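The following paragraphs lead through one protein chain, from its loops and strands to its interior. Please keep the sequence and the model in view while reading.

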Amino acid sequence: RSLQLHWRGVERTHWIVTHSNGQGQHTSVSYSGKRHIINDTVILYGAPDGSNGNNLTLPVGEYSYPFALALPWDAPPSYTSRDAEVAYYLEAYADVAWKVDPHYKLQIVVHGSVPQRQLVAATPISDEQSYRIPTCCCCCGDSGSAVITAEIDKSVIQLGDSLRVKGKVVLNTGKEVQ
């Protein structure tokens, strides 16, 4: 029914403060927060909410859908610690009617400032994930498979850079998939 890309960036924090009353009793209070830096969806094919019903078909073959995603100029760099995280993800979904939806999630690491020698040495990154497409449920066998490939034009980016991402979905079903 659709092919979608979700571009996510999130800040998460969590910490615990423990107080003592001086008589051996301790009270702990947990604090946490979450803020979305980026929360965008790009529809590459079909309709975002399945409003086209189960009638939209994608014929057997290989498809390419160009798209662009923006990283806000003030986005903080990636960070992970015990109490905090800043993380960016690119998720690809194929919404297949009455099937388990193949999906792929790729973490994007954003650096604040990068030495010039690292930028020059940046190489493309590519990864691939395969999924089986069940006929109707877990016990009826498979009607084929799907392969989702994601490729990024460089392994190091910094704020203000453009990032070219290429995605590919190959349906190996031998028939049209609704």
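In which loop does Pro72 lie? Pro72 belongs to the loop between strand 3 and strand 4 (79–80), where strands (E, at least two residues) and helices (H or I, at least four residues) are DSSP runs numbered from the N terminus. The model is a predicted one, in which local features need pLDDT of at least 70 and side-chain atom pairs count only at pLDDT 80 or more, whereas totals for chains, interfaces and linings use all residues. Residues are numbered from 1 along each chain as its sequence is written, and side-chain values use heavy atoms, with hydrogens and water left out.

Pro72 counts as partly exposed because its relative accessibility is 27%; buried means under 20% relative accessible area, exposed over 50%, and partly exposed in between (1.4 Å probe, protein chains only). Its C-alpha atom is separated by 8.0 Å from that of Ile38, 34 residues apart along the chain. A second proline, Pro59, is found in the loop between strand 2 and strand 3 (62–64). Pro59 has a relative accessibility of 36% and therefore counts as partly exposed. Between Pro59 and Leu171 the C-alpha distance is 8.9 Å, although 112 residues separate them in sequence.

The chain as a whole has one helix and nine strands, in the order β-β-β-β-β-β-α-β-β-β from the N terminus. Of its 178 residues, 31% count as buried. Among contacts (heavy atoms within 4.5 Å) between residues at least 6 apart in sequence, 63% join residues at least 24 apart.

The pairing of strands, for which DSSP must find at least two bridges between them, begins here with strand 1 and strand 2. These two are antiparallel over 19 bridges, and Val17 stands opposite Val29 in strand 2. They form a hairpin with five residues between them, and Gly22 in the turn has a positive phi of about 85°.

Strand 5 and strand 6 also run antiparallel, joined by six bridges; Glu91 has Lys105 of strand 6 as its bridge partner. In a regular strand the side chains alternate between the two faces of the sheet. Strand 6 has a covered face formed by Tyr104, Leu106 and Ile108, and an uncovered one formed by His103, Lys105 and Gln107.

Attention now turns to the interior. A nonpolar core is a set of buried Ala, Val, Leu, Ile, Met, Phe, Trp, Tyr and Cys residues joined through side-chain atoms within 4.5 Å. The largest such core has 28 residues, of which Trp7, Leu71, Tyr88, Leu90 and Ile108 touch the most other members. At least two residues of this core come from each of strand 1, strand 2 (26–46), strand 5, strand 6 (103–108), strand 8 and strand 9. Strand 5 gives the most to this core, with five residues.

Where is empty space left inside? The whole structure holds two cavities of 30 Å³ or more; on a 1 Å grid over the protein atoms alone, a cavity is a set of points where a 1.4 Å probe fits but cannot get out, and lining residues have an atom within 4 Å of a point. The largest cavity has a volume of about 200 Å³, taken as the space filled by probe spheres set on the points, which are joined across faces, edges and corners. Its lining comprises 21 residues, with Leu5, Ala92, Gly167, Lys168 and Val169 nearest the centre. Strand 5 gives the most to this lining, with five residues.

Key
On a 1 Å grid over the protein atoms alone, a cavity is a set of points where a 1.4 Å probe fits but cannot get out, and a pocket is an open set with protein on both sides within 12 Å along at least five of seven lines; lining residues have an atom within 4 Å of a point.
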